[in-house]
Amino acid sequence: MASIAVCPGSFDPITLGHLDIIKRGAKVFDQVYVVVLNNSSKQPLFSVQERINLINEVTKEIPNVKVDSFQGLLVDYAKSVKANAILRGLRAVSDFEYEMQITSMNRVLDEEIETFFVMTNNQYSFLSSSIVKEVAKYNGNIADLVPHPVQKALKEKFKN
């Protein structure tokens, strides 16, 4: 049986930290679905389709990565693509409590789907999409934080 993982997130925008987790997951799993959450309670900078396009562009060299979006319960999406794993990145201890809650609930909803945590590379342990957007908004240097296509897209969003 193929090992299929779902790597969920808002990816608004995708950072080099996200990309690190995706690449490492792609080495372990036969297929990785990078899935953009459509969270109606947040006000994203990029539309879901813009985020999908950016992720497709920066992962095009990774043949076993597919990009999609969803609304609703992650375990329902995972079942729909026959995934047996959820892939999550951890930056710091502060991420762990939240992730433990989510993982525990996912286990209640479907105990067949395992969650795998990957520690973020140390150079990205401080990095979040929120920080990237804040720096980009004030024309700060984000070259070491996001892939080049994302730099361009952020400059375009904040050029006014």
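Partly exposed residues fall between buried, under 20% relative accessible area, and exposed, over 50%. The views below come from a predicted model.

**View 1. A nonpolar patch lies on the surface.** Leu-73, Met-105, Val-108 and Leu-109 make up this patch. Together they offer about 390 Å² of accessible area. Met-105 belongs to helix 4, which covers residues 93–109. Met-105 has 46% relative accessibility, so this residue counts as partly exposed.

**View 2. The largest nonpolar core holds 35 residues.** Phe-11, Ile-22, Val-34 and Val-65 touch the most other members. Elements giving two or more residues to this core include strand 1 (4–9), helix 1 (16–28), strand 2 (31–37) and helix 2 (48–59). Strand 3 (65–70), strand 4 (85–90), helix 5 (129–137) and helix 6 (148–157) also do so. A separate core has 13 residues, among them Val-6, Phe-70, Val-75 and Ile-113. In soluble globular proteins, nonpolar side chains tend to be buried together.

**View 3. Val-34 and its contacts.** Neighbours within four places in sequence are left aside here. Val-34 then contacts Cys-7, Phe-11, Ile-22 and Ile-55. Val-65, Lys-66, Val-67 and Asp-68 also touch Val-34.

**View 4. Thr-15 sits in the loop between strand 1 and helix 1.** Thr-15 counts as buried, because its relative accessibility is 2%. Beyond four places in sequence, Thr-15 is in contact with Leu-127, Ser-128, Ser-129 and Val-132. Leu-145, Val-146 and Pro-147 are contacts of Thr-15 as well.

**View 5. Asp-20 is a buried residue of helix 1.** The relative accessible area of Asp-20 is 14%. Its side chain makes a polar contact of 2.9 Å with the side chain of Arg-24. Not counting residues up to four places away in sequence, Asp-20 touches Thr-120, Asn-121 and Tyr-124.

**View 6. A salt bridge links Glu-50 and Lys-157.** The closest N and O atoms are 3.1 Å apart. Glu-50 lies in helix 2 and Lys-157 in helix 6, so the pair ties together parts 107 residues apart in sequence. Glu-50 is partly exposed at 30% relative accessibility. Lys-157 is partly exposed too, at 33%. The whole structure contains seven salt bridges.

**View 7. Two further salt bridges: Glu-114 with Arg-107, and Glu-156 with Lys-159.** In the Glu-114 and Arg-107 pair, the closest N and O atoms are 3.1 Å apart. Glu-114 is partly exposed at 37% relative accessible area, and Arg-107 is partly exposed at 34%. The Glu-156 and Lys-159 side chains meet at 2.9 Å, N to O. Glu-156 is partly exposed at 49% relative accessibility, whereas Lys-159 is exposed at 57%.

Conventions
Residues numbered from 1 in each chain as written. Predicted model: local features only at pLDDT ≥ 70, side-chain atom pairs only at ≥ 80, totals over all residues. Heavy atoms only, no water. Core = buried A, V, L, I, M, F, W, Y, C linked by side-chain atoms within 4.5 Å. Buried < 20%, exposed > 50% of the residue type's maximum accessible area, 1.4 Å probe, protein only. Helix = DSSP H or I, 4+ residues; strand = E, 2+ residues; numbered from the N terminus. Contact = heavy atoms within 4.5 Å. Polar contact = N/O pair within 3.5 Å; in protein donor to acceptor, adjacent residues only side chain to side chain. Patch = residues over 30% accessible without salt bridge, like charges linked within 9 Å, V, L, I, M, F, W, Y side chains within 5 Å. Areas by Shrake-Rupley, 256 points an atom, 1.4 Å probe, with all protein chains shown as cover. Salt bridge = Lys/Arg side-chain N within 4 Å of Asp/Glu carboxyl O.
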